[in-house]
Amino acid sequence: MGTNFTVLCGERMLHPMHTQLYIDGQWVDGVGKLPVYDPSDGSVIAQVSLAGDRECDAAITAADAAAKAWAKTAPRYRSEILRKAFELMIAENEVIATLISRENGKAMPDARGEATYAAEFFRWFAEETVRTPGDFRKSPSGDKRILVSHEPIGLSILITPWNFPAGMATRKIGPAIAAGCTMILKPAGETPLTAMYIVDLMERAGLPKGVLNLVLPEKTGPAISRMLHDPRVKNLSFTGSTEVGRILLKEAADRVIRCSMELGGNAQVVIHDDADLAVTIPQLSLAKMRNGGAACTSANRIFVQRGIAEKFISEMTKSMSSYVMGRGTDPSTTLGAYVSMKERNKIAEIVDQSIAAGAKVEVGGVKPEGDGAFYPATVLIVEKDNPILGHEIFGPVAPIVIFDTDEEGITMANDTDFGLISYVFSKDLTRALRTAEAMESGMVAINKGVISDPAAPFGGVKQSGLGREGGFDGIHEFLQSKYIGVEI
Ligand code: NAD
């Protein structure tokens, strides 16, 4: 893996890897070090390098210098790099999963699932690279030919969150490579190791120097603002909270930088009274508990129709009670730790507030003692005005509201500023489709708990974001159309 590496401390993770910044094909130190913690006990597992203005500028210079030649490379060449990266990620799935689990806290089944999901973006975009569409046709008036091609937008800043440190990075790196853009990746400070591992893997897959750079600024806000005001930067692809997305949209406005925004969610679930509970309970448990509930797609507000409510609540409580809380890498764990005490305490505060406002606790609801950032699986029965429904909980908490008519359920479900994903459960496909069409969200799952797929467009409406990642749309976040009108 090269000479410039550090071995991670800790008995469970001894794989050598880089823990520095990656600029112009070199692993380099910056202005200081940032500790990375194991959230299950608060111990430090690594120290990673931090970037100052000099390193951020150097990353821009490297990505800019590589941009022209990279944009001209043959699609097949870029496709084969992505294919190789996919194969490496699959071969190294267990190492990547362990790394994710160590720094993020999530249980190994979730971490393995993420490592595979992340690799699939490289496979999908390897296939997309050689299929970028174009257009050549006669104008309606017949006065010319309309020729439309799609060109790489150019130097892109990629900013990712801590909850899916591998998946959110490859969902951006894949299409950027496919389109022919150079890039600077800025991972979350809580989970930089997975990103560093993926960058190393891209180098081993044959990515030329300068195409992908990684920085972890010492002062994130001012550093990214400075980068967005550099005329060499052309595009911003951000995944994170709506709050930070809003700040970045304002920053990007000064130079009218193209933005793709994958923001927060507050997913609604509508369970009709004819739902098959043998399907609903396991699927909804997945939708709620994948990643311990720390997912933008996590089932956040559960609306169940009165006729089925009692049985549903009893079975959902049984399912939620079955999760085993513990260190992510322990084989028996199905509910790992949260990334930090700060994030765990946010969940606890939201639940305490909800209980104070009248929520009835079916299971969980009590913050555990100790140094680990744990929170138990929790089921709450709430009224439609309970404050918990206004928060993205980002944890293993299932607030349930009972409704009567379909219209009432739909109105309650849409009563949010967010619109990433909705879940609908019913045995009657016509009824389920009617509800799905009424959902104000970019994605709807019918009788299914997880629908994220690199081959499908992922993204939200309302304040959940702008643009789509994955599917046929994903590559277009890194391309711009050029129209040439030709007199013939
Ligand atoms: P966050 O917004 O706090 O941070 C996301 C990234 O932005 C991190 O890398 C962080 O360091 C960086 N950042 C923070 N302040 C910044 C600033 N002023 N300028 C530039 N960058 C800044 O989000 P988080 O807590 O890491 O992640 C959780 C959030 O991400 C949730 O709201 C979740 O819904 C959302 N999310 C959305 C999707 C999606 O696809 N829609 C996917 C995963 C997570």
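How far is an oxygen atom of the ligand from an N or O atom in the side chain of Ser241?

**View 1. Ser241 and the ligand in the predicted model.** The structure shown is a predicted model. The side chain of Ser241 places an N or O atom 2.6 Å from an oxygen atom of the ligand. The ligand alone would expose 850 Å², and 86% of that is buried by the protein.

**View 2. Arg171 and Lys186 beside the ligand.** Arg171 has a polar side-chain atom 2.7 Å from an oxygen atom of the ligand. For Lys186, a polar side-chain atom likewise lies 2.7 Å from an oxygen atom of the ligand.

**View 3. The residues around the ligand.** There are 28 residues around the ligand, and those that come nearest are Thr160, Arg171, Lys186, Ser241 and Glu392. Sorted by class, this shell holds 15 nonpolar residues, 9 polar residues and 4 charged residues.

**View 4. Helices and a strand that supply the shell around the ligand.** At least two shell residues come from each of helix H5 (167-179), helix H7 (220-228), strand E12 (235-239) and helix H8 (242-253). H7 gives the most, with 3 residues.

**View 5. The ligand between domain 1 and domain 2.** The largest pocket is the space that the ligand takes. Residues of the shell around the ligand come both from domain 1 (3-263 + 464-486) and from domain 2 (268-454), so the ligand lies between the two domains.

Terms used
Residues are numbered from 1 along each chain as its sequence is written. This is a predicted model: local features need pLDDT of at least 70, side-chain atom pairs count only at pLDDT 80 or more; totals for chains, interfaces and linings use all residues. Side-chain values use heavy atoms; hydrogens and water are left out. A residue is near a molecule or strand if one of its heavy atoms lies within 4 Å of it. A polar contact is a pair of N or O atoms within 3.5 Å; within protein, one must be able to donate a hydrogen and the other to accept it, and residues adjacent in sequence count only if both atoms are side-chain atoms. Accessible areas come from the Shrake-Rupley method with a 1.4 Å probe; for residues, only the protein chains shown count as cover. On a 1 Å grid over the protein atoms alone, a cavity is a set of points where a 1.4 Å probe fits but cannot get out, and a pocket is an open set with protein on both sides within 12 Å along at least five of seven lines; lining residues have an atom within 4 Å of a point. A molecule sits in a cavity or pocket if more than half of its atoms lie within 2 Å of its grid points. Helices (H or I, at least four residues) and strands (E, at least two) are DSSP runs, numbered from the N terminus. Ala, Val, Leu, Ile, Met, Phe, Trp, Tyr, Cys and Pro count as nonpolar, Asp, Glu, Lys and Arg as charged, and the others, Gly among them, as polar. Domain bounds come from an automatic or database domain assignment.
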